[in-house]
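Trainee: I am new to this structure and should like a close look at one part of it, the contact between chain A and chain B. Which residues and helices make up that contact?

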2 protein chains.
Amino acid sequence: MDSPTTGRDRRRAATVAEIKAAARRLLVGGGTAAVGLRAVARELGLTPPALYRYFPSHEALLSALVADLYDELTTALLDLQNADPDIDLGTRLYLLANGLRDWALAHPAEFGLLFGTAVPDPEGDCHDQTPGHRAAMRFGGLFKELVAAVWHQKPFPHPSEEQLGPVLVEQLRAESEHFRGMPAGAIYLSLNYWTRLYGLICMEVFGQLHWVLPDAAAYFEAQLFEIGEALGLDCPMPE
Amino acid sequence: MDSPTTGRDRRRAATVAEIKAAARRLLVGGGTAAVGLRAVARELGLTPPALYRYFPSHEALLSALVADLYDELTTALLDLQNADPDIDLGTRLYLLANGLRDWALAHPAEFGLLFGTAVPDPEGDCHDQTPGHRAAMRFGGLFKELVAAVWHQKPFPHPSEEQLGPVLVEQLRAESEHFRGMPAGAIYLSLNYWTRLYGLICMEVFGQLHWVLPDAAAYFEAQLFEIGEALGLDCPMPE
DNA sequence: GTTAACTGTTAACGGTGTTCACTCTACGGC
DNA sequence: GCCGTAGAGTGAACACCGTTAACAGTTAAC
């Protein structure tokens with residue numbers, strides 16, 4: 001499993017990195033549509049077929065880029081909430097949410113590639129095992145882990161299983177292991193947190209809020225406070 | 001402003017309709033990517049350049065299709081809530097929300113074209129005057145109108161302007177005319193309703209909820225009840 | 001030192017949106 | 001009722017795209 005690094009596959013790894021760097025450069029410059037196979041090759045002074053020595057297809061290149069971006073986002077958010085080792089968990093969640101928004105606004109093209117319009121894909125298997133999806137799971141785990149920690153430190157009031165209904169409860173229970181055994185009602189509230197956070201950021205980054213809110217920062221802040229309340233976090237936290 | 005309908009422009013209008021019909025057929029069959037200029041021409045037994053007699057570009061064709069779909073969605077939702085002339089306003093809003101979700105799930109490809117990943121477009125003017133955007137405004141007006149009616153019939157408790165902060169209040173006030181003079185706090189809650197509804201439907205249709213909720217119907221119902229509560233609607237309504 | 005694998009090239013295929021020059025038909029004005 | 005003209009449609013072509021095949025040069029391995 002180690003690396004012989006025969007000098008050749010060191011260059012190969014370097015080339016792969018250069019390709020992905022060029023792809024990203026094009027991505028931030030002109031959006032997802034701009035990162036084409038030929039454009040990437042042009043950026044490196046190569047001919048298009050040369051890239052097929054490194055990626056089996058254009059889609060595979062994009063998928064690798066997606067995986068990298070997920071990992072970058074994940075570690076960025078980790079670094080953010082690990083900056084000070086003794087921040088309370090509520091603030092950590094606040095930092096996670098705000099960090100996600102900041103990253104999305106600072107990297108709209110990358111965010112668009114990661115979270116923009118996934119194919120409905122009615123037939124496809126749920127378990128796409130591309131590296132991109134595995135990176136997405138790690139990213140999702142970051143949130144689930146933190147919410148579970150918040151819960152286990154100070155359980156928050158949550159709706160009863162009767163209020164939610166058996167259909168919903170069963171599906172929430174299936175996610176229980178990822179939330180360290182939290183009850184269905186608490187998972188429900190956590191899902192709300194994620195759903196609202198995700199929806200807000202998408203709407204802002206994709207320009208659906210601009211029509212009514214030219215500057216959505218204040219709205220986001222207010223919403224963040226509101227959705228945090230449901231998880232027992234009653235302080236909007238400093239700056 | 002009337003129509004001389006010289007027999008020739010009647011045929012022209014018919015051809016335009018056929019083109020859009022073919023485009024839509026391709027859309028539902030294979031998603032947005034499948035509705036290409038050449039594919040549409042093929043569908044009609046025409047050569048690609050012929051379409052340029054009717055639409056100045058491929059994008060214009062898609063834009064016209066978008067406008068049509070917005071109008072179709074708008075009238076579908078209007079019909080739904082005007083089916084029975086004396087339904088109370090709360091139920092109308094409930095029908096609107098559920099009708100939007102149903103339409104989105106029944107027409108995922110069309111929904112994807114309408115609401116999927118708008119360009120961030122940091123430079124572009126806000127006031128895109130394409131027919132698609134005007135149709136989108138009519139669609140948005142449907143919601144604003146109904147919410148304003150709900151408010152004026154039975155004002156619901158809303159956060160004070162001090163709670164929201166001056167920055168947010170100013171932006172909400174700018175929307176006041178579209179909400180028949182509602183106060184900022186009430187517009188804030190209405191915006192929440194729309195934001196959460198839109199986010200939920202997008203996440204469900206675009207498959208971002210499938211990972212945790214294989215069947216999001218129960219979750220949507222619970223959320224709809226929750227977001228309706230904030231507007232003083234305390235009944236989940238029959239069926 | 002020879003052989004094999006790796007990296008890159010050129011040429012080509014089918015696909016896309018789009019433009020140009022050309023025909024043919026049908027309507028409107030005299 | 002004829003004629004001129006605008007409209008509808010075509011075929012060829014351009015530039016771009018992702019992708020494949022056949023080929024050449026370099027580098028590592030035995």
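Mentor: The contact draws 33 residues from chain B and 33 residues from chain A, where two residues are in contact if their C-beta atoms, placed from the backbone, lie within 7 Å. On the side of chain B that touches chain A, at least two residues each are supplied by α5 (108-115), α8 (166-174), α9 (184-205) and α10 (217-229) of chain B. Helices (H or I, at least four residues) and strands (E, at least two) are DSSP runs, numbered from the N terminus. With eight residues, α9(B) gives the most to this side of chain B. By character, the residues of the side of chain B that touches chain A are 19 nonpolar, ten polar and four charged. Here Ala, Val, Leu, Ile, Met, Phe, Trp, Tyr, Cys and Pro count as nonpolar, Asp, Glu, Lys and Arg as charged, and the others, Gly among them, as polar.

A word on the source is due. This is a predicted model, in which local features need pLDDT of at least 70 and side-chain atom pairs count only at pLDDT 80 or more, while totals for chains, interfaces and linings use all residues. Residues are numbered from 1 along each chain as its sequence is written, and chains are lettered from A and ligands numbered from 1 in the order in which they are written.

The symmetry of the pair comes next. A turn of 180 degrees and a shift of 0.0 Å along the axis lay chain B on chain A with an RMSD of 0.1 Å, the copies being superposed by least squares on the C-alpha atoms of residues with pLDDT of at least 70 in both. That is the relation of a two-fold axis. The C-alpha of G199(B) is the one in chain B nearest the axis, 2.2 Å from it. Both copies use the same surface, since 100% of the contact residues of chain B recur in chain A.

One residue of chain B merits further attention. Leaving aside neighbours within four places in sequence, I187(B) is in contact with L172(B), E175(B), S176(B), F179(B) and M182(B). I187(B) is also among the residues that touch the most other members of the largest nonpolar core, which has 124 residues; the others are A23(A), V147(A), I187(A), A23(B) and V147(B). Such a core is a set of buried Ala, Val, Leu, Ile, Met, Phe, Trp, Tyr and Cys residues joined through C-beta atoms within 7 Å, a residue being buried if 20 or more other C-beta atoms lie within 10 Å of its own.

Key:
A residue is buried if 20 or more other C-beta atoms lie within 10 Å of its own, exposed if 12 or fewer, and partly exposed in between; C-beta atoms are placed from the backbone.
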